[in-house]
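Work through the exercises below with the model open. Try each task before reading its solution.

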Amino acid sequence: MLDRIIRDYNEAVFETDKDAAFEVVNNALANGLSAEDVVFKVVIPAVEVMMSDITRDPDANLAQHFMTAQIAAEVTEKMLTKFVHPPEIIGRVVIGTAAGDLHSLGKRIVMGCLKALMVEVVDLGVNVPAEKFVTEAVHYGADVIAISAMMVHTATGENGARKVRALLKEQGLEHQIRIVVGGAPYRFDNELYKTVGADGWAADGIAAGKMIVDLIRAGKTS
Amino acid sequence: MGIAQVHLTVVTPAGEQTFRVPAGTSVRDALDLTELRVRAACGGSGGCGACGVTLIGGAVTPPTTAEYMKLQPAERACGVRLACQMRLQGDALVRIDDPAPPSQWRSIPPEELIPSPGALPELPQHVYGVAVDLGTTHIRLALWNRKTGQRMATRRGPNPQGGFGADVLNRLSAAHGNPARAAELAKLARTAIVQAVRDILKRDVGEVTPMLKEIGEVIIVGNTAMLALLSGHGGAALLDPDHWAGRIDCQPTDRTAFQAQWFMPHATIHLVDSVAGFIGSDLLADLLATRLTDGPAGALLLDVGTNTEIALWDGTRLHVTAVPGGPAFEGVGLRNGMAAETGAIYRVCRPVSADISFETVAGTPARGFCGSGLVDAVAVLLATGQLKPSGRFAVSPGPDGFLLDPANLCTALFSQDIDTFQRAKAATAAAMVALLERAGLGWTDITRLCVCGAFGHRLDVANAQAVGLLPPLNPACIELFADASLAGAEIGLLQPAGAAVFAALGERVAAINLAQVSDYDDRYIDHLRLRPIDINRKV
Ligand code: B12
Ligand code: FES
């Protein structure tokens, strides 16, 4: 039965059919699958399958990324309330869009992927000043500050990632907190993330999830 | 398409080209729409004699009196004709030994123009006027004799700021904090406009400098970013979301220098104020041209372009917004994208037998897709099942992309092009829904939908409906306008009330910033799917 559920779920996600995906999950629950199994045996593997599929498949489009992330996040969130024991959390991330930028979607997708990968995410919203990224990261004890910027001037400007880097340096937090960035301008120029002082970037939410998990793990072992 | 189409083949020192044109068109008018123009120094009256071409053969009208007056008998014996006098009755072959030097400017096809109103301003002098639609991708303008109400000529050409980025923000960012660069961008647009005017004066009037002095007004409409870059003022405010609720001042601070640069000492240069944030005065011009607010509630206007603007008339207020439709609809940002120029695939037909067929502008070999061709291609591939509603190809097309014509690499579509298309159409459709919601209306309340901008007349409405770009309303409610912003600027130029008409419209406007509409992003994702918009769903 599980194989069939996994296959149907993966297909629904691949076809960006959210209703179908939820139907698969609801049927699975009705047939006695536990919430834990839905998350760990269906949803997370699906994200992982999508990860490898999408990295191999340059054709994957925005709707697929979004749906994978969104469906995964929604299902996970719903299932978490049904968990018997709270799950183990890998790490914590504060995320927001750069100052002057109101494009919230990229952030949402990244959040969805992180949640489905058991990373705790604090959403700071849009148009977030550099100072706030840092104070909130300190407040929540975050491992990573994630900054989304969809426009050239918010990605490269003085008030975005550059300023966050300067503040971390000033406060001696550079070795504790990593900065990751993403959004259209970074996709056009794959070296841009270095220029603005970030530790990593990713072209899409699924890659972002992997990159951030890797960074957190590397930070915890070093 | 009532008028029969004929083929005009032109041989020049550079080679041979064939164009498809409506029968009855003069050779000059036909070529004025292309990059291959004849020489000319009058409005095509037969007065200058500059437009000589050699007729090799074909079905054309006999020589006119003007041709007898302007051409030597020896020339006539060799087949020399005046291109502005000779009309095509069937296919024809002509030779042009000395075409006009290459230029970016072309005439706007007359069928795209909207007639302008009857009442004219009282003018003792400086009777000429120029109406300009300053677009991100294209500049369109028309020269008028405001006294007689005669449109002398029109031009369309690329906005040369494109080198600084296809979209508005790249250009604003380039100018931001860099006065030299800002000046350069302003100069590019200013020079382009005056060059187009000069091109008209040279080719359609025959006199340049004296005529520039006769121009009494230049009225310019455009999106806020274009106005700011032209004037060199307002760009910084536009980059800051805190300023978007209200109107951003984009008036030039160097008016005298501006007039001097243009050699138009008597011209009032009038930049029509934009509405709010990125919502420009080109939208006001569209509203004037389509008379949207003269009709009943439930009228929607969509100006598709790099900066797509939308207005919804609810009977008392105009709800308006701007959305980054993305340059895709103007053919920019696709691997094989291009403007609707010679060789652009503008229509793709559903296969009757096995192959997909398509038509290009002027019927020349395909060089790429313009916006309407892209909409058609997506709709046709969706109908044949080669593209799935998710936007993925049923079978991955491989490194050369999906070729409409296997023998022509310029006809390839790539997965990324489809993704770009989906984003642009989703942003647009979701924005229309957001406006409906704000006005408390539903799709079924819409009785009129005016589609202006990039697609022109060429958009296939059924295909746009099938992919979810336009709502599946009764096609009789949907009207296509090719050059509405220009027409609106023309109204402003000619009305006795002048540019005050814009201000009056502006008063009725309620602007919406989609970034503050909480469920806009959910709608956007919903609309990514290639499927008809559900008009019965409550918005
Ligand atoms: C939807 C949209 C909007 C919506 C935003 C709605 C919302 N709530 O988010 C609205 C209508 C509000 C909007 C407004 C504007 N927009 Co806009 N918008 C778009 C559009 C169509 C899609 C952007 C989007 O959401 N993409 C979805 C994201 C998720 O896609 P993505 O980039 O592939 O994201 C992935 C990666 O980048 C990565 N990622 C993203 N963030 C992060 C963060 C981290 C840490 C990591 C690791 C990875 C990562 O993962 C994501 C998921 O896979 C784009 C055009 C386009 N084709 O992309 C323009 C675009 C971004 N907008 C643009 C412009 C100009 C504007 C406006 C100025 C225009 C206007 N007329 O008002 C305003 C500015 C608003 C502001 N100050 O922020 C331009 C920017 C141009 C430039 N060169 O900078 C674009 C590129 C369009 C264009 N070509 O002109 N916009
Ligand atoms: S005579 Fe033909 S253009 Fe002047």
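A polar contact is a pair of N or O atoms within 3.5 Å; within protein, one atom must be able to donate a hydrogen and the other to accept it, and residues adjacent in sequence count only if both atoms are side-chain atoms. This is a predicted model, in which local features need pLDDT of at least 70 and side-chain atom pairs count only at pLDDT 80 or more, while totals for chains, interfaces and linings use all residues. Residues are numbered from 1 along each chain as its sequence is written, chains are lettered from A and ligands numbered from 1 in the order in which they are written, and side-chain values use heavy atoms, with hydrogens and water left out.

**Exercise 1. Find the polar partners of ligand 1.**

Step 1. Place the ligand. Ligand 1 lies between chains A and B.

Step 2. Search chain B. The side chain of Asp167(B) has an N or O atom 3.1 Å from a nitrogen atom of ligand 1. For Asn307(B), the distance from a side-chain N or O atom to a ligand nitrogen is 3.0 Å.

Step 3. Search chain A. His103(A) brings a side-chain N or O atom to 2.8 Å from a nitrogen of ligand 1.

**Exercise 2. Describe the shell around ligand 1.**

Step 1. Count the residues. The shell holds 44, taking a residue as near if one of its heavy atoms lies within 4 Å. His103(A) is among the closest, as are Leu102(A), Ser104(A), Ser148(A) and Pro324(B).

Step 2. Sort by class. There are 27 nonpolar, 11 polar and 6 charged residues. Here Ala, Val, Leu, Ile, Met, Phe, Trp, Tyr, Cys and Pro count as nonpolar, Asp, Glu, Lys and Arg as charged, and the others, Gly among them, as polar.

Step 3. Find the main contributor. Helix 5 of chain A gives the most, with 4 residues. Helices (H or I, at least four residues) are DSSP runs, numbered from the N terminus.

**Exercise 3. Characterise the interface of chains A and B.**

Step 1. Count contacts (heavy atoms within 4.5 Å). In chain A, 22 residues touch 24 residues of chain B.

Step 2. Look for salt bridges (a side-chain nitrogen of Lys or Arg within 4 Å of a carboxyl oxygen of Asp or Glu). The interface has 2. One of them joins Arg108(A) to Asp522(B), at 2.7 Å from N to O.

Step 3. Assign the chain A side. Helix 4 (62-80), helix 5 (105-116) and helix 7 (152-156) of chain A each supply at least two residues. The largest share, 5 residues, comes from helix 4.

Step 4. Sort that side by class. It has 10 nonpolar, 6 polar and 6 charged residues.
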